[in-house]
Amino acid sequence: MNKRHLILLLLSLPIAVPLFTSISAQPQSTHRYFNVTARQFAYEPGTIVVNQGDIVTVRLRSADVTHGFYIAELGVNETVSFGEEKIITFVAEKVGAFKIRCSVTCGPLHPFMVGELIVEQKGLNVVFIGSTAIIILVGVVSFALIGKKRVKVEQ
Ligand SMILES: [Cu+2]
């Protein structure tokens, strides 16, 4: 590797690394489907776990009386009566743990009818790409230093 190649490589890094990172870190939204049954006084399953950016479709049914399915932070608000089926679709835009609450007074323990939606961050790719970029950078820098030494010896 001569000096010109090295300079070209070094100059291309500020362009190549962010480009590579942005392509790899682009969140791929997946369409996720869940069958949720509401009954006095819980949701089944009680916890839904998705990734940020996922399109979430919930097929909601009630096993007894009329129940609600309310997620304040995501603007989700639906009700379902016994024998009915509701399809709820939303995008999990925000990362966090969100309470799924029943918005219909369905019995004495109604206030305790709470489920949870967990939206996880897609951080793994960013960390992986970041560390790869650092390793490449260290490699290039050591190449450059070795090159410098050789030049000195040759002189
Ligand atoms: Cu309720």
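**Figure 1. Contacts across the chain of this predicted model.** Of the contacts between residues at least 6 apart in sequence, 67% join residues at least 24 apart. The chain has 155 residues, and buried residues make up 14% of them. Let's also get our bearings along the sequence: the chain holds two helices and nine strands, and its elements follow the pattern α-β-β-β-β-β-β-β-β-β-α.

**Figure 2. The open sheet of four strands.** Here the strand order is 2-1-4-7, and the pairing is mixed. Strand 2 (42–44) and strand 7 (85–91) are the edge strands, each pairing on one side only. From one strand to the next, the twist averages 30 degrees. As a friendly reminder for this view, strands of a sheet pair through backbone hydrogen bonds, either parallel or antiparallel.

**Figure 3. Strand 1 alongside strand 2.** Zooming in on one pair from that sheet, we find strand 1 (residues 31–39) joined to strand 2 in the antiparallel sense over three bridges. A handy place to start looking is Arg 39, which stands opposite Ala 42 in strand 2.

**Figure 4. The hairpin of strand 5 and strand 6.** Strand 5 (residues 67–71) and strand 6 (residues 76–80) pair in the antiparallel sense, with five bridges between them. One of the partnerships to look for is Ile 71 with Val 76 of strand 6. Four residues lie between the two strands, and in the turn Gly 75 has a positive phi of about 65 degrees. How much of strand 5 is buried? Four of its five residues are, so to speak, under cover: strand 5 is mostly covered.

Conventions:
Residues numbered from 1 in each chain as written. Predicted model: local features only at pLDDT ≥ 70, side-chain atom pairs only at ≥ 80, totals over all residues. Buried ≥ 20, exposed ≤ 12 C-beta atoms within 10 Å, placed from the backbone. Pairing = 2+ DSSP bridges. Contact = placed C-beta atoms within 7 Å. Axes fitted to C-alpha atoms, helices over the stretch in contact; angles between N-to-C directions.
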